[in-house]
Amino acid sequence: MKIYTKTGDKGQTSLIGGTRVPKYHLRIEAYGTVDELNSYIGLIGSQQINEEDGKVLKEIQDRLFTVGSSLASDPERSRKKIPDLLASDISFLEERINKMNENLPVLKHFILPGGNTVSSFAHLARCVCRRTERLVVELSENSYVDQNVTIYLNRLSDFLFVLARKLSYDAGAKENIWEPRM
């Protein structure tokens, strides 16, 4: 199988369903940013983290492929069956957030990104997730986007924030508390 097709050499690409769009199209930007997010989550999972966190991240990566498939489909033309993002996928994130929060100190301050390397990677992923969410919300104003996609991305950014705190806590690293200059 050839990895290159040459069909995108002139700056166009195809959505699922066959519609050709410019590579800068908002739908392409949205699912491309999902791919970037997925790569950061893979980076976190490649670090020395506990096995349970690794399994959760792998599950999230799988769901992000579902999100990407949804965003890569032309809602007007695609007849191809793609996986659905379910309300239970959102609940899964909420349950994981709640479980992680049980062992963390109560949050009383804003936290500056950092703490240690793996926590910093989680903060980077959170930022990419927020950018993805902004793109998807913009896309949804002019084109169909499954509302579970937007909700999932919103919850995932919360998950990544709490994960960053947990990873820092697990490593015994001190959180960087923001102390505003007054």
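In what order do the elements of the chain run from the N terminus on? They run β-β-α-α-α-β-α-α-β. This is a predicted model. The chain's secondary structure comes to five helices and four strands. The chain has 182 residues, and 41% of them count as buried. Its C-alpha trace spans about 50 × 40 × 30 Å along the principal axes.

**How the helices pack**

- Start with α1 and α4. Helix α1 covers residues 26-45, and α4 covers 117-140.
- The axes of α1 and α4 come within 9 Å and cross at roughly 165°. Angles over 145 degrees count as roughly antiparallel, and α1 and α4 are therefore roughly antiparallel to each other.
- The crossing of α1 and α4 is left-handed. By class, the contact of α1 with α4 has 18 nonpolar, two polar and five charged residues.
- Next come α2, residues 51-72, and α3, residues 87-101. Their axes lie 12 Å apart, and the two helices pack at an angle of about 155°.
- That angle makes α2 and α3 roughly antiparallel to each other as well. The crossing of α2 and α3 is left-handed.
- Helix α3 also meets α5, which covers residues 147-170. The axes of α3 and α5 come within 9 Å and cross at roughly 20°.
- Angles under 35 degrees count as roughly parallel, so α3 is roughly parallel to α5. The crossing of α3 and α5 is left-handed.

**The two cavities**

- How many cavities of 30 Å³ or more does a search of the whole structure find? The search finds two.
- The largest cavity holds about 50 Å³ of space. Its lining includes Ile111, Leu112, Ser119, His123, Arg165 and Glu175.
- Three elements give two or more residues each to this lining: β3 (111-112), α4 and α5. The largest share, three residues, comes from α5.
- By class, the lining of the largest cavity has three nonpolar, six polar and three charged residues.
- The second largest cavity holds about 30 Å³ of space. Asp53, Val56, Leu57, Arg96, Met100, Phe159 and Leu163 line it.
- Helices α2, α3 and α5 each supply at least two residues of the lining of the second largest cavity. Helix α2 gives the most, with three residues.
- The lining of the second largest cavity divides into five nonpolar, no polar and two charged residues.
- Look for α5 in both places. Helix α5 gives three residues to the lining of the largest cavity and at least two to that of the second largest.

**The largest pocket**

- The largest pocket has a volume of about 270 Å³.
- Its lining is made up of 16 residues. Which of them lie nearest its centre? They are Ser70, Ser73, Pro75, Ile82 and Tyr144.
- By class, the lining of the largest pocket has eight nonpolar, three polar and five charged residues.

**Two loop residues to find**

- Gln47 is in the loop between α1 and α2. Its relative accessible area is 26%. Partly exposed runs from 20% to 50%, so Gln47 is partly exposed.
- Gln47 and Thr117 are 70 residues apart in sequence. In space they are 9.0 Å apart, C-alpha to C-alpha.
- Val145 lies in the loop between α4 and α5. Is Val145 buried or exposed? Buried means under 20% relative accessible area. Val145 has 12%, so it is buried.
- Val145 and Ile177 are 32 residues apart in sequence. In space they are 37 Å apart, C-alpha to C-alpha.

Terms used
Residues are numbered from 1 along each chain as its sequence is written. This is a predicted model: local features need pLDDT of at least 70, side-chain atom pairs count only at pLDDT 80 or more; totals for chains, interfaces and linings use all residues. Side-chain values use heavy atoms; hydrogens and water are left out. On a 1 Å grid over the protein atoms alone, a cavity is a set of points where a 1.4 Å probe fits but cannot get out, and a pocket is an open set with protein on both sides within 12 Å along at least five of seven lines; lining residues have an atom within 4 Å of a point. Grid points are joined across faces, edges and corners, and a volume is the space filled by probe spheres set on the points. Ala, Val, Leu, Ile, Met, Phe, Trp, Tyr, Cys and Pro count as nonpolar, Asp, Glu, Lys and Arg as charged, and the others, Gly among them, as polar. Axes are lines fitted to C-alpha atoms, for helices over the stretch in contact, and angles run from 0 to 180 degrees between N-to-C directions. Angles under 35 degrees count as roughly parallel, over 145 as roughly antiparallel, 65 to 115 as roughly perpendicular and the rest as oblique. A crossing is left-handed if the near helix is turned anticlockwise from the far one by less than a right angle, and right-handed if clockwise. Buried means under 20% relative accessible area, exposed over 50%, partly exposed in between (1.4 Å probe, protein chains only).
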